[in-house]
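Biologist: Please take one part of this model, a single pocket, and describe it closely for a student who is new to protein structure. I should like to know what surrounds the empty space.

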Amino acid sequence: MILAGDIGGTKCNLALYDVHGASRRKIFSRRYDSHAFPTFEELISQVLSDSRAEAKEAGSLSIDAAGFGVAGPVIDHRVKTTNLPWVVDAAELAKHLGTAHVVLLNDLEATAYSLRHLAPSEISTLNRGVASPQSTQAMLAAGTGLGESILFWDGGRYVIAGTEGGHVDFAPRTEQEIELLRYMKKQYEYVSLELILSGRGFHTIHSFLDPSVIHPSFAGPEADAAPEITHLALTGQCPVCVRTLDLWVSMYGSEAGNLALKVLARGGVWVAGGIAVKIRSKMEDGTFFQAFCQKEKFAAMLEQIPIQMVLNEEAPLIGAMSQAMQAAGMRAA
């Protein structure tokens, strides 16, 4: 029995898998509101309670291994979550779950470990390019925050390095983006990429472009305006929303190009996260790729880098499960 989790600042996806050899069956899956639980341990207790009926059907209540992709840096098998007041400790979880096999991964590490398990239908190609076999790859994903990871070839397979690249400084490219930075500096001491390339960034950009246009989802400091803004943009109902989405996707593409240059990702760049899937048509219209390539001296090289988008939003779960299986000595087919 494998417990897997995708632990984010807004929601947590948990799943329980019954594994027999190379086959596995998901017997429980549920999404939880992250802010409903003061601690991660309380969330896990709720998951175990909720999954009890399903686990009984599978014939066992014991957890053999667990893997969690967590939004935050994993240091000494412990994570202080970036956008939640949680501390996730592998040793404490092992006691709680009754298993010695608990794997903690950065959420982008978990997502990257899922790639070998995805079907072609779960991937969209943004640029076919010409992949360099066994070369470094990179991944970025915007959601509640912005995550980035690096995939290195070790001679036999890709191993993943998590980063906190989403928290680097926002570097504007244009006069408009310089004005956006000035606008944001009135609210924040530090303006990181994550403040823009995340769900909350849509409201910020929209208000910057035209503060006179206000939509219902703008009410309240904790309101999530991203779904409404992206919907109105994709359907062409609000010109300001259209401009917001265009600028957001362009900046996302630019950061993907920055990441590709920093790690020389000649093996390819992967785009994951729930936002990209929800705005798929915009991601595929060329705006992202054009900004990706607009770099000093290296545009021709960047044009050759394959860019693929992960469509399966359960990818972090799949990656976390595969690493838990490996930790327990099981074959992750």
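Modeller: The answer below treats the pocket, then a hairpin beside it in the account, and finally an enclosed space for contrast.

The model is predicted, so local features need pLDDT of at least 70 and side-chain atom pairs count only at pLDDT 80 or more, while totals for chains, interfaces and linings use all residues. Residues are numbered from 1 along each chain as its sequence is written, and side-chain values use heavy atoms, with hydrogens and water left out.

Rolling a probe the size of a water molecule over the atoms shows where empty space is left. The search uses a 1 Å grid over the protein atoms alone; a pocket is an open set of points with protein on both sides within 12 Å along at least five of seven lines, whereas a cavity is a set where a 1.4 Å probe fits but cannot get out. Points are joined across faces, edges and corners, and a volume is the space filled by probe spheres set on them.

The second largest pocket holds about 280 Å³ of space. Its lining (residues with an atom within 4 Å of a point) consists of 15 residues, and those nearest its centre are Ala 112, Tyr 113, Arg 116, Arg 157 and Tyr 158. Two or more lining residues come from each of helix H4 (107-113), strand S11 (158-162) and helix H13 (315-327). H13 gives the largest share, three residues. These elements are DSSP runs numbered from the N terminus: helices are H or I with at least four residues, and strands are E with at least two.

Sorted by class, the lining has eight nonpolar, five polar and two charged residues. Here Ala, Val, Leu, Ile, Met, Phe, Trp, Tyr, Cys and Pro count as nonpolar, Asp, Glu, Lys and Arg as charged, and the others, Gly among them, as polar.

Tyr 158, one of the residues nearest the pocket centre, is also the bridge partner of Trp 153. Strand S10 (residues 146-153) runs antiparallel to S11, and five bridges join them; two strands pair if DSSP finds at least two bridges between them. Four residues lie between the strands of this hairpin, where Gly 155 takes a positive phi near 105°.

For contrast, the whole structure has one cavity of 30 Å³ or more, and the largest cavity contains about 30 Å³ of space. Ile 7, Gly 8, Gly 9, Ala 71, Thr 81, Asn 83 and Leu 84 line the largest cavity, giving three nonpolar, four polar and no charged residues.
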